[in-house]
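Me: Please choose one part of this structure and look at it closely. Then show me how it fits with the rest.

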Amino acid sequence: MVKHKILEFETTGKKVHFFNIRPELLDFVKESGVKDGIINIQSPHTTCSILFEEMVHDYDLKGDEFLQVDLLHGLNKIFPKQETNDGGYKYPGPEHLKFALEVDANVAADHGTLLNGDAHLRSSLIGASESFSIIDGVAQLGPYGYVYFIDFDTCRARKRKCIMTIVGE
């Protein structure tokens, strides 16, 4: 048996967004009736990732979890925010700009929406999917394991999707 579910999110574009999807994942496994199998969670977006991490129950004054703040602090050292296209990033090049202008009206209105090379690289490093075993009808996340959908792109507000697929019996 194969089942799919799509989650949808909206971002503001003003910060990196972390969405805790553990409850939706657990509900989907329960609703599916699958006793033994695998659940895969995937982002179809090249500036988004899926992260398996502990939920630490502590938040900074902006409402961000401490481990997420620490992760972003480390990623900022590796891939600083792209402010211009004449700095440390070669992306986007002239051919990509030409392509983007043909397929995305937002780029025509504001070329700055392509200054997200840092988001692409962060997403590449973290990864676009995670898979978990389902044993006796339970996704094997452990008591501390949480799953987050992350949108690293801070250039504009977006509607994002996350795809969950269960394969099993």
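Reply: Start with two terms. Two strands pair if DSSP finds at least two bridges between them. Strands themselves are DSSP runs (E, at least two residues), helices are DSSP runs too (H or I, at least four residues), and both are numbered from the N terminus.

A word on the source. This is a predicted model, in which local features need pLDDT of at least 70 and side-chain atom pairs count only at pLDDT 80 or more, while totals for chains, interfaces and linings use all residues. Residues are numbered from 1 along each chain as its sequence is written, and side-chain values use heavy atoms, leaving out hydrogens and water.

Now the part I chose: an open sheet. It has three strands in the order β2-β7-β4, and the pairing is antiparallel. Its edges are β2 (17–20) and β4, each of which pairs on one side only. From one strand to the next, the twist averages 30° (axes are lines fitted to C-alpha atoms, for helices over the stretch in contact, and angles run from 0 to 180 degrees between N-to-C directions).

Look at β2 and β7. They run antiparallel and are joined by four bridges. Find F19: its bridge partner in β7 is F149. A helix packs on this sheet as well. That helix is α1, and it touches both β2 and β7. The directions of α1 and β7 make an angle of about 115°.

F149 leads us on to the core. Buried means under 20% relative accessible area, exposed means over 50%, and partly exposed lies in between (1.4 Å probe, protein chains only). A nonpolar core is a set of buried Ala, Val, Leu, Ile, Met, Phe, Trp, Tyr and Cys residues, joined through side-chain atoms within 4.5 Å. In soluble globular proteins, nonpolar side chains tend to be buried together. The largest core here has 21 residues. I21, L25, I39, I41, F149 and C162 touch the most other members. Several elements each give at least two residues to this core, among them α1 (22–32), β4 (48–54), β7 (145–151) and β8 (158–168). Another core, of 11 residues, lies apart from it and includes V16, A119, Y146 and I150.

Next, follow I41. Leave aside neighbours within four places in sequence. Its contacts (heavy atoms within 4.5 Å) then include I21, L25, I50, C162 and I163. I163 is found in β8. It counts as partly exposed because its relative accessibility is 25%. With the same neighbours left out, I163 touches K5, I6, N40, I41, Q42 and P44.

C162 is another matter: at 0% relative accessibility, this residue counts as buried. Does C162 bond to another cysteine, or stay unbonded? It stays unbonded, because its sulfur is 9.3 Å from the closest cysteine sulfur, in C48, too far for a bond. The sulfur of C155 is also too far, at 12 Å from its closest cysteine sulfur, again in C48. A disulfide is a pair of cysteine sulfur atoms within 2.5 Å. The whole structure has zero of them.

Finally, step back. The chain holds five helices and eight strands. It has 169 residues, of which 41% count as buried. Take its contacts between residues at least 6 apart in sequence: 81% of these join residues at least 24 apart.
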